[in-house]
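Colleague: Please take a close look at the largest cavity in this model. I would like to know what lines it, and how the protein around it is built.

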Amino acid sequence: MRLQKLHIQNFRKIDDLTINFPNGLCVIVGENNAGKTAIIDALRLMLLPSRDFDTLRITPDDFKYNSGFLDIEISCIFSNLTDQDEVHFQECLRNIGGEHFEVQLNTRVSFDEYSGRVNVKMWAGETEGGNLPSNFYNRIASIYLQPLRDPEKGLRPSQNSQISRLISHLSDTQEKREEFEGIVQDANNRVKALESVINAQTDINEQINSIAGDELNQQTELIFSDPSFRRIIAGLKPEIDGLPYELNGLGYNNLVFTAATLGTLRSSPQFSFRSILVEEPEAHLHPQLQVLLLKHFENVARPGTENEVQVIASSHSPILVSQAPIDSIVSVHEYHGQVHATSIFSIDIDAKIKRKLQRYLDATRGELFFSRRLLMVEGIAEVLLIPVLAKLAGGSLKESSVTLLNANGINFNAFLPLFGESRLKFPVVILTDGDAKEIGGDMSQTASNLKAREEEIPNLCVKLSEITFEHELARSPELLPIMLNAFENLHPTLGKELKIEIATLDNNEEKAIYFFNKFIEKGVSKGEFAQELAWLIDESGHLTINSVPTYIQEAIHFLGVI
(Lines give C-alpha, C1' and ligand atoms only; values in the text may rest on other atoms or scores of the structure.)
Protein backbone atom coordinates (compact mmCIF):
# COMPACT_ATOMS: atom_id res chain seq x y z
CA MET A 1 0.00 0.00 0.00
CA ARG A 2 1.35 3.43 -0.90
CA LEU A 3 0.35 7.05 -0.44
CA GLN A 4 -0.88 8.29 -3.80
CA LYS A 5 -2.40 11.72 -3.18
CA LEU A 6 -2.69 14.45 -0.55
CA HIS A 7 -5.27 17.26 -0.72
CA ILE A 8 -4.99 20.32 1.54
CA GLN A 9 -7.33 23.30 2.03
CA ASN A 10 -7.02 26.40 4.25
CA PHE A 11 -3.89 25.21 6.01
CA ARG A 12 -1.36 27.94 6.84
CA LYS A 13 -0.54 29.66 3.52
CA ILE A 14 -2.21 26.96 1.40
CA ASP A 15 -5.63 27.74 -0.08
CA ASP A 16 -6.21 24.59 -2.10
CA LEU A 17 -3.44 22.19 -3.09
CA THR A 18 -3.21 18.64 -4.40
CA ILE A 19 0.05 16.71 -4.33
CA ASN A 20 0.43 13.54 -6.39
CA PHE A 21 3.17 11.28 -5.06
CA PRO A 22 5.42 9.28 -7.38
CA ASN A 23 6.06 5.59 -6.96
CA GLY A 24 9.09 5.17 -4.75
CA LEU A 25 11.15 8.11 -3.56
CA CYS A 26 9.57 11.59 -3.37
CA VAL A 27 11.72 14.73 -3.02
CA ILE A 28 9.71 17.90 -2.33
CA VAL A 29 11.74 20.95 -3.36
CA GLY A 30 11.23 24.69 -3.42
CA GLU A 31 12.51 27.95 -2.02
CA ASN A 32 12.12 29.00 1.61
CA ASN A 33 8.55 29.66 2.71
CA ALA A 34 7.10 28.06 -0.42
CA GLY A 35 4.95 25.60 1.56
CA LYS A 36 7.13 22.47 1.85
CA THR A 37 6.91 22.27 5.64
CA ALA A 38 3.14 22.76 5.51
CA ILE A 39 2.90 19.69 3.25
CA ILE A 40 5.08 17.59 5.58
CA ASP A 41 3.09 18.77 8.61
CA ALA A 42 -0.19 17.91 6.91
CA LEU A 43 1.20 14.40 6.43
CA ARG A 44 2.20 14.28 10.10
CA LEU A 45 -1.37 15.08 11.08
CA MET A 46 -2.70 12.31 8.84
CA LEU A 47 -0.09 9.55 9.16
CA LEU A 48 0.95 9.74 12.80
CA PRO A 49 -1.62 8.67 15.42
CA SER A 50 -2.54 11.22 18.09
CA ARG A 51 -0.66 9.24 20.72
CA ASP A 52 2.61 9.57 18.78
CA PHE A 53 4.88 12.29 20.13
CA ASP A 54 5.70 13.41 16.55
CA THR A 55 2.10 13.97 15.49
CA LEU A 56 1.16 17.55 14.61
CA ARG A 57 -0.65 19.53 17.30
CA ILE A 58 -2.94 22.01 15.53
CA THR A 59 -3.06 25.57 16.90
CA PRO A 60 -5.06 28.65 15.79
CA ASP A 61 -1.96 29.80 13.89
CA ASP A 62 -2.32 26.82 11.51
CA PHE A 63 -5.56 28.17 10.02
CA LYS A 64 -5.26 30.12 6.77
CA TYR A 65 -4.37 33.70 7.63
CA ASN A 66 -7.22 36.20 7.21
CA SER A 67 -9.65 33.42 6.23
CA GLY A 68 -11.94 33.91 9.21
CA PHE A 69 -10.82 30.52 10.54
CA LEU A 70 -12.22 28.53 7.64
CA ASP A 71 -12.09 24.82 8.39
CA ILE A 72 -8.86 23.06 7.53
CA GLU A 73 -9.61 20.11 5.22
CA ILE A 74 -7.02 17.42 4.53
CA SER A 75 -7.44 14.07 2.82
CA CYS A 76 -5.14 11.23 1.77
CA ILE A 77 -5.60 8.53 -0.85
CA PHE A 78 -3.73 5.20 -0.53
CA SER A 79 -3.51 2.85 -3.52
CA ASN A 80 -1.89 -0.51 -4.44
CA LEU A 81 -3.89 -2.39 -1.82
CA THR A 82 -3.47 -6.12 -1.26
CA ASP A 83 -6.42 -8.37 -0.50
CA GLN A 84 -5.33 -8.33 3.14
CA ASP A 85 -5.29 -4.53 3.12
CA GLU A 86 -8.83 -4.44 1.76
CA VAL A 87 -9.99 -6.66 4.62
CA HIS A 88 -8.23 -4.67 7.30
CA PHE A 89 -9.32 -1.26 5.94
CA GLN A 90 -12.79 -2.30 4.76
CA GLU A 91 -14.43 0.67 6.53
CA CYS A 92 -12.04 3.06 4.77
CA LEU A 93 -12.44 1.95 1.14
CA ARG A 94 -13.57 3.92 -1.89
CA ASN A 95 -14.51 2.02 -5.04
CA ILE A 96 -12.60 3.19 -8.11
CA GLY A 97 -14.28 0.73 -10.47
CA GLY A 98 -13.56 -2.74 -11.73
CA GLU A 99 -13.58 -4.18 -8.20
CA HIS A 100 -10.57 -2.04 -7.35
CA PHE A 101 -10.42 -0.01 -4.17
CA GLU A 102 -8.41 2.72 -2.52
CA VAL A 103 -8.22 3.83 1.11
CA GLN A 104 -9.33 7.39 1.81
CA LEU A 105 -8.48 9.15 5.06
CA ASN A 106 -10.07 12.53 5.87
CA THR A 107 -9.58 15.25 8.46
CA ARG A 108 -11.52 18.42 9.20
CA VAL A 109 -10.15 20.87 11.74
CA SER A 110 -12.41 23.62 13.06
CA PHE A 111 -11.78 26.46 15.48
CA ASP A 112 -14.26 27.68 18.11
CA GLU A 113 -13.48 31.36 18.60
CA TYR A 114 -15.56 31.54 21.79
CA SER A 115 -13.82 28.71 23.62
CA GLY A 116 -10.50 29.09 21.78
CA ARG A 117 -10.46 25.34 21.18
CA VAL A 118 -9.37 23.47 18.09
CA ASN A 119 -11.53 20.48 17.18
CA VAL A 120 -10.18 17.70 14.96
CA LYS A 121 -12.50 15.22 13.29
CA MET A 122 -11.15 12.27 11.31
CA TRP A 123 -13.06 9.74 9.26
CA ALA A 124 -12.35 7.28 6.49
CA GLY A 125 -13.95 6.45 3.15
CA GLU A 126 -15.77 8.76 0.76
CA THR A 127 -18.79 9.53 2.93
CA GLU A 128 -18.45 11.59 6.06
CA GLY A 129 -19.90 9.90 9.09
CA GLY A 130 -18.67 8.44 12.34
CA ASN A 131 -15.10 8.36 13.54
CA LEU A 132 -11.97 6.82 12.19
CA PRO A 133 -11.86 3.07 12.92
CA SER A 134 -9.94 2.54 16.15
CA ASN A 135 -7.63 -0.02 14.53
CA PHE A 136 -6.66 2.15 11.55
CA TYR A 137 -3.16 2.97 12.81
CA ASN A 138 -2.48 -0.64 13.78
CA ARG A 139 -1.36 -1.17 10.19
CA ILE A 140 0.18 2.27 9.54
CA ALA A 141 3.79 3.07 10.50
CA SER A 142 5.33 6.50 9.89
CA ILE A 143 8.33 8.21 11.41
CA TYR A 144 9.10 11.92 11.18
CA LEU A 145 12.62 13.39 11.17
CA GLN A 146 12.47 17.13 11.79
CA PRO A 147 14.80 19.71 10.21
CA LEU A 148 17.99 20.64 12.07
CA ARG A 149 17.40 17.50 14.11
CA ASP A 150 19.67 16.58 16.98
CA PRO A 151 20.90 13.08 16.08
CA GLU A 152 22.66 12.76 19.44
CA LYS A 153 19.32 13.14 21.19
CA GLY A 154 17.80 10.51 18.93
CA LEU A 155 20.67 8.09 19.66
CA ARG A 156 20.78 8.77 23.40
CA PRO A 157 20.00 5.56 25.36
CA SER A 158 16.33 5.42 26.32
CA GLN A 159 13.28 3.25 25.77
CA ASN A 160 12.22 5.56 22.91
CA SER A 161 15.58 5.82 21.12
CA GLN A 162 15.71 4.65 17.49
CA ILE A 163 18.28 2.01 18.45
CA SER A 164 15.93 0.66 21.12
CA ARG A 165 12.97 0.68 18.71
CA LEU A 166 14.96 -1.12 16.01
CA ILE A 167 16.14 -3.91 18.34
CA SER A 168 12.64 -4.28 19.79
CA HIS A 169 11.22 -4.82 16.27
CA LEU A 170 13.97 -7.29 15.40
CA SER A 171 13.45 -9.24 18.65
CA ASP A 172 9.97 -10.33 17.69
CA THR A 173 9.78 -13.59 19.71
CA GLN A 174 9.89 -14.35 23.42
CA GLU A 175 12.86 -16.62 22.80
CA LYS A 176 14.92 -13.76 21.35
CA ARG A 177 14.04 -11.48 24.26
CA GLU A 178 14.86 -14.13 26.86
CA GLU A 179 18.28 -14.50 25.23
CA PHE A 180 19.04 -10.86 26.11
CA GLU A 181 17.80 -11.36 29.66
CA GLY A 182 19.81 -14.58 30.12
CA ILE A 183 23.07 -12.90 29.11
CA VAL A 184 22.52 -9.97 31.49
CA GLN A 185 21.41 -12.29 34.35
CA ASP A 186 24.58 -14.30 33.86
CA ALA A 187 26.65 -11.11 33.90
CA ASN A 188 24.89 -10.02 37.09
CA ASN A 189 25.67 -13.32 38.82
CA ARG A 190 29.32 -13.16 37.82
CA VAL A 191 29.69 -9.53 38.89
CA LYS A 192 27.94 -10.19 42.22
CA ALA A 193 30.42 -12.99 42.92
CA LEU A 194 33.41 -10.64 42.78
CA GLU A 195 35.00 -10.08 46.19
CA SER A 196 34.97 -6.28 45.96
CA VAL A 197 31.26 -6.30 45.07
CA ILE A 198 30.43 -8.68 47.96
CA ASN A 199 32.40 -6.49 50.40
CA ALA A 200 30.75 -3.30 49.14
CA GLN A 201 27.29 -4.85 49.38
CA THR A 202 27.96 -6.13 52.92
CA ASP A 203 29.26 -2.71 54.01
CA ILE A 204 26.19 -0.91 52.62
CA ASN A 205 23.74 -3.32 54.28
CA GLU A 206 25.50 -3.11 57.65
CA GLN A 207 25.36 0.70 57.55
CA ILE A 208 21.69 0.74 56.53
CA ASN A 209 20.89 -1.72 59.34
CA SER A 210 22.64 0.51 61.85
CA ILE A 211 20.64 3.50 60.59
CA ALA A 212 17.19 1.92 60.15
CA GLY A 213 17.31 -0.94 62.63
CA ASP A 214 15.98 -4.45 62.17
CA GLU A 215 12.36 -3.36 61.79
CA LEU A 216 12.84 -0.88 58.94
CA ASN A 217 15.89 -2.39 57.33
CA GLN A 218 15.83 -3.37 53.63
CA GLN A 219 18.48 -5.51 52.00
CA THR A 220 20.43 -3.93 49.11
CA GLU A 221 21.83 -6.01 46.28
CA LEU A 222 24.34 -4.71 43.71
CA ILE A 223 23.66 -5.77 40.13
CA PHE A 224 25.32 -4.99 36.81
CA SER A 225 22.07 -4.12 34.98
CA ASP A 226 18.32 -4.55 35.21
CA PRO A 227 17.81 -7.92 33.45
CA SER A 228 14.45 -7.02 31.84
CA PHE A 229 14.49 -6.88 28.03
CA ARG A 230 13.15 -3.31 27.74
CA ARG A 231 15.71 -1.99 30.22
CA ILE A 232 18.56 -3.79 28.45
CA ILE A 233 17.87 -2.41 24.97
CA ALA A 234 17.15 1.05 26.44
CA GLY A 235 20.79 1.16 27.55
CA LEU A 236 22.33 0.35 24.17
CA LYS A 237 24.08 3.09 22.21
CA PRO A 238 26.20 3.15 19.05
CA GLU A 239 29.98 3.23 18.95
CA ILE A 240 31.42 4.53 15.67
CA ASP A 241 34.96 3.68 14.61
CA GLY A 242 35.80 2.92 18.23
CA LEU A 243 34.44 6.21 19.54
CA PRO A 244 31.27 6.82 21.57
CA TYR A 245 28.64 8.50 19.41
CA GLU A 246 28.86 11.62 21.61
CA LEU A 247 32.38 12.23 20.26
CA ASN A 248 31.38 11.66 16.64
CA GLY A 249 30.53 14.38 14.10
CA LEU A 250 26.94 15.50 13.52
CA GLY A 251 26.96 14.27 9.92
CA TYR A 252 27.72 10.63 10.66
CA ASN A 253 25.50 10.64 13.72
CA ASN A 254 22.72 11.85 11.43
CA LEU A 255 23.41 8.91 9.09
CA VAL A 256 23.37 6.41 11.98
CA PHE A 257 20.13 7.90 13.31
CA THR A 258 18.50 7.82 9.86
CA ALA A 259 19.72 4.26 9.23
CA ALA A 260 18.28 3.09 12.56
CA THR A 261 14.97 4.77 11.71
CA LEU A 262 14.77 3.09 8.31
CA GLY A 263 15.79 -0.21 9.89
CA THR A 264 12.92 0.05 12.37
CA LEU A 265 10.43 0.52 9.54
CA ARG A 266 11.86 -2.15 7.26
CA SER A 267 11.83 -4.71 10.09
CA SER A 268 8.10 -4.17 10.60
CA PRO A 269 6.38 -6.39 7.99
CA GLN A 270 3.16 -6.38 10.01
CA PHE A 271 2.37 -2.90 8.66
CA SER A 272 0.56 -2.35 5.37
CA PHE A 273 2.09 1.09 4.96
CA ARG A 274 5.53 2.24 6.09
CA SER A 275 6.85 5.74 5.50
CA ILE A 276 9.49 8.15 6.68
CA LEU A 277 8.99 11.92 6.47
CA VAL A 278 12.35 13.69 6.37
CA GLU A 279 12.86 17.42 6.37
CA GLU A 280 16.29 18.46 5.07
CA PRO A 281 17.96 15.05 4.73
CA GLU A 282 21.09 16.98 3.76
CA ALA A 283 21.46 18.33 7.33
CA HIS A 284 25.11 18.16 8.49
CA LEU A 285 26.20 16.15 5.42
CA HIS A 286 28.85 17.08 2.87
CA PRO A 287 27.90 16.72 -0.83
CA GLN A 288 29.15 13.16 -1.36
CA LEU A 289 27.26 11.88 1.68
CA GLN A 290 24.13 13.74 0.58
CA VAL A 291 24.21 11.87 -2.72
CA LEU A 292 24.91 8.49 -1.07
CA LEU A 293 22.04 8.99 1.38
CA LEU A 294 19.74 9.92 -1.50
CA LYS A 295 20.70 6.75 -3.38
CA HIS A 296 19.94 4.71 -0.27
CA PHE A 297 16.53 6.38 0.07
CA GLU A 298 15.90 5.56 -3.58
CA ASN A 299 16.73 1.89 -3.00
CA VAL A 300 14.59 1.38 0.11
CA ALA A 301 11.65 3.19 -1.53
CA ARG A 302 11.85 1.31 -4.83
CA PRO A 303 8.48 -0.38 -5.60
CA GLY A 304 8.62 -4.13 -5.25
CA THR A 305 11.50 -4.04 -2.77
CA GLU A 306 10.97 -6.31 0.22
CA ASN A 307 9.48 -4.29 3.08
CA GLU A 308 9.75 -1.09 1.04
CA VAL A 309 9.46 2.22 2.85
CA GLN A 310 7.83 5.22 1.15
CA VAL A 311 10.37 8.01 1.60
CA ILE A 312 9.03 11.57 1.43
CA ALA A 313 11.75 14.17 1.88
CA SER A 314 11.74 17.95 1.62
CA SER A 315 14.98 19.66 0.67
CA HIS A 316 16.72 22.96 -0.05
CA SER A 317 19.73 21.24 -1.58
CA PRO A 318 20.30 21.70 -5.35
CA ILE A 319 22.81 18.85 -5.06
CA LEU A 320 20.07 16.45 -3.97
CA VAL A 321 17.72 17.77 -6.65
CA SER A 322 20.33 17.32 -9.36
CA GLN A 323 20.98 13.70 -8.33
CA ALA A 324 17.40 12.67 -7.58
CA PRO A 325 15.50 10.73 -10.26
CA ILE A 326 13.58 13.34 -12.24
CA ASP A 327 10.28 11.54 -11.61
CA SER A 328 10.82 11.71 -7.84
CA ILE A 329 10.71 15.52 -7.76
CA VAL A 330 7.67 17.47 -6.57
CA SER A 331 8.32 21.18 -7.10
CA VAL A 332 6.53 23.56 -4.72
CA HIS A 333 6.44 27.26 -5.51
CA GLU A 334 4.36 30.31 -4.72
CA TYR A 335 2.93 32.40 -7.55
CA HIS A 336 0.60 35.39 -7.11
CA GLY A 337 0.03 34.45 -3.48
CA GLN A 338 -0.98 30.85 -4.26
CA VAL A 339 1.01 27.72 -3.43
CA HIS A 340 1.39 25.33 -6.36
CA ALA A 341 2.86 21.83 -6.49
CA THR A 342 4.06 20.17 -9.69
CA SER A 343 4.81 16.45 -9.67
CA ILE A 344 7.27 15.91 -12.50
CA PHE A 345 6.23 12.28 -13.02
CA SER A 346 2.69 13.42 -13.89
CA ILE A 347 3.91 15.61 -16.79
CA ASP A 348 3.70 13.94 -20.17
CA ILE A 349 7.33 14.23 -21.32
CA ASP A 350 8.81 12.28 -24.21
CA ALA A 351 11.13 9.59 -22.82
CA LYS A 352 14.10 10.85 -24.83
CA ILE A 353 13.59 14.43 -23.62
CA LYS A 354 13.21 13.20 -20.03
CA ARG A 355 16.53 11.35 -20.22
CA LYS A 356 18.13 14.50 -21.58
CA LEU A 357 16.63 16.59 -18.77
CA GLN A 358 17.95 14.13 -16.19
CA ARG A 359 21.47 14.48 -17.64
CA TYR A 360 21.33 18.26 -17.69
CA LEU A 361 20.11 18.64 -14.11
CA ASP A 362 23.53 19.04 -12.57
CA ALA A 363 24.00 20.96 -9.31
CA THR A 364 23.74 24.39 -10.97
CA ARG A 365 20.73 23.65 -13.16
CA GLY A 366 18.97 22.02 -10.21
CA GLU A 367 18.51 25.55 -8.88
CA LEU A 368 15.63 26.10 -11.30
CA PHE A 369 13.35 24.29 -8.83
CA PHE A 370 14.12 26.98 -6.25
CA SER A 371 13.42 29.88 -8.63
CA ARG A 372 10.99 32.75 -8.52
CA ARG A 373 12.08 33.89 -11.97
CA LEU A 374 14.22 32.01 -14.47
CA LEU A 375 16.52 33.28 -17.21
CA MET A 376 17.91 30.58 -19.51
CA VAL A 377 20.87 31.37 -21.75
CA GLU A 378 23.03 29.48 -24.24
CA GLY A 379 26.41 29.49 -22.54
CA ILE A 380 29.04 30.76 -20.17
CA ALA A 381 29.47 34.11 -21.96
CA GLU A 382 25.87 35.10 -21.19
CA VAL A 383 26.16 33.80 -17.63
CA LEU A 384 29.14 36.10 -17.02
CA LEU A 385 27.86 39.17 -18.85
CA ILE A 386 24.08 39.32 -18.34
CA PRO A 387 24.33 40.21 -14.60
CA VAL A 388 26.68 43.09 -15.48
CA LEU A 389 24.41 44.30 -18.28
CA ALA A 390 21.39 44.10 -15.97
CA LYS A 391 23.28 46.33 -13.55
CA LEU A 392 23.85 48.87 -16.35
CA ALA A 393 20.11 48.77 -17.02
CA GLY A 394 19.46 49.70 -13.40
CA GLY A 395 18.56 46.29 -12.00
CA SER A 396 20.02 43.27 -10.24
CA LEU A 397 19.36 39.63 -11.06
CA LYS A 398 20.22 38.52 -7.52
CA GLU A 399 18.09 41.13 -5.77
CA SER A 400 15.21 40.29 -8.11
CA SER A 401 15.58 36.56 -7.27
CA VAL A 402 16.33 35.61 -10.88
CA THR A 403 17.99 32.24 -11.40
CA LEU A 404 20.39 32.28 -14.34
CA LEU A 405 20.56 28.89 -16.03
CA ASN A 406 23.19 27.87 -18.57
CA ALA A 407 21.46 25.51 -21.01
CA ASN A 408 24.84 24.59 -22.50
CA GLY A 409 23.98 25.37 -26.10
CA ILE A 410 20.43 25.27 -27.34
CA ASN A 411 19.18 22.51 -25.06
CA PHE A 412 16.18 24.57 -23.96
CA ASN A 413 13.77 21.91 -25.22
CA ALA A 414 14.84 19.64 -22.34
CA PHE A 415 13.60 22.18 -19.79
CA LEU A 416 10.50 23.59 -21.51
CA PRO A 417 8.15 20.67 -20.61
CA LEU A 418 8.45 21.74 -16.98
CA PHE A 419 6.67 25.07 -17.58
CA GLY A 420 3.09 26.03 -18.33
CA GLU A 421 -0.33 26.65 -16.88
CA SER A 422 -0.59 23.44 -14.85
CA ARG A 423 3.16 23.15 -14.27
CA LEU A 424 5.81 25.57 -13.03
CA LYS A 425 4.11 28.94 -13.32
CA PHE A 426 6.84 31.47 -12.53
CA PRO A 427 8.14 33.77 -15.33
CA VAL A 428 10.68 32.15 -17.66
CA VAL A 429 12.81 33.91 -20.27
CA ILE A 430 14.99 32.29 -22.91
CA LEU A 431 17.71 34.56 -24.23
CA THR A 432 19.28 33.06 -27.35
CA ASP A 433 20.65 33.74 -30.81
CA GLY A 434 18.48 34.25 -33.86
CA ASP A 435 21.33 33.02 -36.08
CA ALA A 436 20.24 35.13 -39.06
CA LYS A 437 22.85 35.41 -41.80
CA GLU A 438 22.55 39.19 -41.78
CA ILE A 439 20.76 42.02 -39.97
CA GLY A 440 17.10 41.89 -40.96
CA GLY A 441 17.45 38.39 -42.38
CA ASP A 442 15.36 35.35 -41.51
CA MET A 443 15.94 33.69 -38.16
CA SER A 444 17.07 30.07 -38.09
CA GLN A 445 14.39 27.38 -37.98
CA THR A 446 15.54 26.44 -34.47
CA ALA A 447 15.08 30.03 -33.27
CA SER A 448 11.69 30.32 -34.96
CA ASN A 449 10.47 27.08 -33.40
CA LEU A 450 11.62 28.24 -30.00
CA LYS A 451 9.80 31.57 -30.40
CA ALA A 452 6.62 29.69 -31.34
CA ARG A 453 6.63 27.93 -27.97
CA GLU A 454 5.43 31.20 -26.39
CA GLU A 455 1.94 30.34 -27.66
CA GLU A 456 1.96 27.01 -25.77
CA ILE A 457 3.55 28.25 -22.54
CA PRO A 458 1.90 31.41 -21.12
CA ASN A 459 4.74 32.17 -18.69
CA LEU A 460 7.46 31.90 -21.35
CA CYS A 461 9.15 34.79 -23.14
CA VAL A 462 11.76 34.15 -25.86
CA LYS A 463 14.09 37.01 -26.79
CA LEU A 464 16.45 36.64 -29.75
CA SER A 465 19.50 38.50 -30.95
CA GLU A 466 19.47 38.94 -34.72
CA ILE A 467 22.75 37.07 -35.31
CA THR A 468 24.59 36.19 -32.08
CA PHE A 469 25.12 37.51 -28.56
CA GLU A 470 28.65 38.84 -29.17
CA HIS A 471 27.64 40.49 -32.44
CA GLU A 472 24.69 42.19 -30.73
CA LEU A 473 27.00 43.60 -28.06
CA ALA A 474 29.41 44.88 -30.72
CA ARG A 475 26.57 46.84 -32.38
CA SER A 476 26.56 49.15 -29.35
CA PRO A 477 28.84 52.17 -30.00
CA GLU A 478 29.48 52.39 -26.23
CA LEU A 479 30.34 48.71 -25.76
CA LEU A 480 32.48 48.11 -28.86
CA PRO A 481 35.53 50.12 -27.63
CA ILE A 482 35.45 48.16 -24.35
CA MET A 483 35.16 44.90 -26.28
CA LEU A 484 38.24 45.88 -28.30
CA ASN A 485 40.11 46.56 -25.06
CA ALA A 486 39.10 43.14 -23.71
CA PHE A 487 40.27 41.51 -26.97
CA GLU A 488 43.59 43.35 -26.76
CA ASN A 489 44.11 42.31 -23.13
CA LEU A 490 43.80 38.68 -24.18
CA HIS A 491 45.66 38.99 -27.51
CA PRO A 492 47.85 42.15 -27.42
CA THR A 493 49.26 42.08 -30.96
CA LEU A 494 46.05 41.02 -32.69
CA GLY A 495 44.09 43.42 -30.53
CA LYS A 496 46.15 46.46 -31.59
CA GLU A 497 45.79 45.48 -35.25
CA LEU A 498 42.03 44.99 -34.87
CA LYS A 499 41.60 48.46 -33.34
CA ILE A 500 43.40 50.05 -36.30
CA GLU A 501 41.39 48.07 -38.86
CA ILE A 502 38.03 48.87 -37.25
CA ALA A 503 38.89 52.58 -37.00
CA THR A 504 38.93 52.74 -40.82
CA LEU A 505 35.33 51.56 -41.14
CA ASP A 506 32.46 54.01 -41.68
CA ASN A 507 29.53 52.86 -39.54
CA ASN A 508 28.64 50.84 -36.47
CA GLU A 509 27.07 47.94 -38.38
CA GLU A 510 30.24 47.42 -40.44
CA LYS A 511 32.38 47.63 -37.30
CA ALA A 512 30.22 45.11 -35.48
CA ILE A 513 30.36 42.60 -38.34
CA TYR A 514 34.11 43.04 -38.75
CA PHE A 515 34.75 42.56 -35.05
CA PHE A 516 32.53 39.49 -34.87
CA ASN A 517 34.16 37.86 -37.91
CA LYS A 518 37.64 38.39 -36.46
CA PHE A 519 36.42 37.12 -33.08
CA ILE A 520 35.26 33.87 -34.68
CA GLU A 521 38.20 33.61 -37.06
CA LYS A 522 40.77 33.82 -34.27
CA GLY A 523 38.94 31.21 -32.16
CA VAL A 524 38.81 33.44 -29.09
CA SER A 525 37.60 31.65 -25.96
CA LYS A 526 34.11 33.00 -25.29
CA GLY A 527 34.43 32.32 -21.57
CA GLU A 528 37.76 34.10 -21.16
CA PHE A 529 36.62 37.02 -23.30
CA ALA A 530 33.34 37.37 -21.40
CA GLN A 531 35.15 37.31 -18.06
CA GLU A 532 37.54 40.08 -19.16
CA LEU A 533 34.74 42.12 -20.75
CA ALA A 534 32.52 41.82 -17.66
CA TRP A 535 35.32 43.19 -15.49
CA LEU A 536 36.00 46.12 -17.86
CA ILE A 537 32.29 47.00 -18.10
CA ASP A 538 31.95 46.88 -14.34
CA GLU A 539 34.96 49.19 -13.98
CA SER A 540 34.01 51.63 -16.76
CA GLY A 541 31.73 53.82 -14.65
CA HIS A 542 30.22 55.71 -17.62
CA LEU A 543 27.95 53.22 -19.37
CA THR A 544 24.15 53.50 -19.14
CA ILE A 545 21.08 51.50 -20.08
CA ASN A 546 21.48 52.74 -23.66
CA SER A 547 24.58 50.54 -23.93
CA VAL A 548 22.51 47.42 -23.32
CA PRO A 549 21.06 45.72 -26.43
CA THR A 550 17.30 46.16 -26.66
CA TYR A 551 16.45 42.44 -26.65
CA ILE A 552 18.33 42.02 -23.36
CA GLN A 553 16.51 45.01 -21.86
CA GLU A 554 13.19 43.45 -22.89
CA ALA A 555 14.16 40.10 -21.37
CA ILE A 556 15.05 41.45 -17.95
CA HIS A 557 12.04 43.78 -18.02
CA PHE A 558 9.77 40.74 -18.49
CA LEU A 559 11.35 39.25 -15.37
CA GLY A 560 10.72 42.42 -13.36
CA VAL A 561 14.41 43.27 -12.96
CA ILE A 562 13.88 46.77 -14.40
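Modeller: This is a predicted model. Of its 562 residues, 49% count as buried, and that is the setting in which to place the cavity.

The overall dimensions come next. The protein has a radius of gyration of 32 Å, whereas a compact globule of 562 residues would have one near 24 Å. Taken along the principal axes, the box filled by the C-alpha atoms is roughly 120 × 65 × 50 Å. The chain forms 19 helices and 18 strands. Among contacts with a separation of 6 or more, 73% join residues 24 or more positions apart. The accessible surface is about 27,300 Å², and carbon and sulfur atoms hold 48% of that area.

Now the cavity itself. Searching the whole structure for cavities of 30 Å³ or more gives one. The volume of the largest cavity is about 40 Å³.

Its lining is made up of Val27, Pro281, Gln290, Leu293, Leu294, Phe297, Ala313 and Leu320. By residue class, seven of these are nonpolar, one is polar and none is charged. The polar one is Gln290, because Gln is not among the residue types that count as nonpolar or charged. Helix α9, residues 287–300, supplies four lining residues, the largest share. Going by the residue range of that helix, the four are Gln290, Leu293, Leu294 and Phe297. The other names in the lining are Val27, Pro281, Ala313 and Leu320.

One of these, Pro281, leads to a backbone detail. In sequence numbering, Glu280 comes just before Pro281, a lining residue. Glu280 lies in the loop between β11, residues 273–279, and α9, the helix that gives the largest share of the lining. The phi angle of Glu280 is near 55°, a positive value in a residue other than glycine.

A positive phi also occurs at Asn80, another residue that is not glycine, with a value near 60°. Asn80 sits in the loop between β4 (72–79) and α2 (83–88). Its relative accessible area is 53%, and since exposed means over 50%, Asn80 is classed as exposed.

To return to the part you asked about: the largest cavity, about 40 Å³ in volume, has a lining of seven nonpolar residues and one polar residue, and four of its lining residues come from helix α9.

Technical notes: This is a predicted model: local features need pLDDT of at least 70, side-chain atom pairs count only at pLDDT 80 or more; totals for chains, interfaces and linings use all residues. Side-chain values use heavy atoms; hydrogens and water are left out. On a 1 Å grid over the protein atoms alone, a cavity is a set of points where a 1.4 Å probe fits but cannot get out, and a pocket is an open set with protein on both sides within 12 Å along at least five of seven lines; lining residues have an atom within 4 Å of a point. Grid points are joined across faces, edges and corners, and a volume is the space filled by probe spheres set on the points. Helices (H or I, at least four residues) and strands (E, at least two) are DSSP runs, numbered from the N terminus. The radius of gyration is taken over C-alpha atoms; the globule rule is 2.2 Å times the number of residues to the power 0.38. Buried means under 20% relative accessible area, exposed over 50%, partly exposed in between (1.4 Å probe, protein chains only). Contact means heavy atoms within 4.5 Å. Accessible areas come from the Shrake-Rupley method with a 1.4 Å probe; for residues, only the protein chains shown count as cover.
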